[in-house]
Amino acid sequence: MQQDITDQDGQDKEKKGLNTTERHLLQQQRIEKRMSITQLAREVQCDVNTIASYERGDEVINNDLVDRISKALSRANPPSNTENVL
């Protein structure tokens, strides 16, 4: 059984073009790389609110911005698991 995903206006988000899998994957990558939304926005030269709205599923972004986000996340170094020992 498919669950309908609707926003506050009652519109089907999938029909509005929001790919929930894609936005969740990008958000997960950002979090895994310990990158804040502010850092990512600065890297891809867009507004912080645009990325935050996209991650929440409130906004659709163009393919160019999705590509820039994806590339920025692939360039970001994952956090180091090594600790400095004195």
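Helices H1, H3 and H4 each contribute at least two residues to the lining of the largest cavity, and H1 gives the most, with 4 residues. The model is predicted, with local features requiring pLDDT of at least 70 and side-chain atom pairs pLDDT 80 or more, while totals for chains, interfaces and linings use all residues. Residues are numbered from 1 along each chain as its sequence is written, and side-chain values use heavy atoms, leaving out hydrogens and water.

A search of the whole structure turns up 1 cavity of 30 Å³ or more, and the largest has a volume of about 40 Å³. Here a cavity is a set of points on a 1 Å grid over the protein atoms alone where a 1.4 Å probe fits but cannot get out, and its lining residues have an atom within 4 Å of a point. The lining comprises Arg 23, Leu 26, Gln 27, Arg 30, Leu 40, Ile 51, Tyr 54, Glu 55, Ile 69 and Leu 73. By class, 6 of these are nonpolar, 1 is polar and 3 are charged.

Helix H3 spans residues 48-56, and its buried residues are Thr 50, Ile 51, Ala 52, Ser 53, Tyr 54 and Glu 55; buried means under 20% relative accessible area with a 1.4 Å probe, protein chains only. Their cover includes helices H1 (20-32), H2 (37-44) and H4 (63-75).

Both ends of H3 deserve a look. At the N-terminal end, Asp 47 acts as a cap, with a side-chain oxygen 3.0 Å from the backbone nitrogen of Asn 49. Just after H3, Gly 57 adopts a positive phi of about 90°.

Note on methods
Buried < 20%, exposed > 50% of the residue type's maximum accessible area, 1.4 Å probe, protein only. Contact = heavy atoms within 4.5 Å. Polar contact = N/O pair within 3.5 Å; in protein donor to acceptor, adjacent residues only side chain to side chain. 1 Å grid on protein atoms, 1.4 Å probe; cavity = no way out; pocket = protein on both sides within 12 Å on 5 of 7 lines; lining within 4 Å. Points joined across faces, edges and corners; volume = space filled by probe spheres on them. Nonpolar A, V, L, I, M, F, W, Y, C, P; charged D, E, K, R; others polar.
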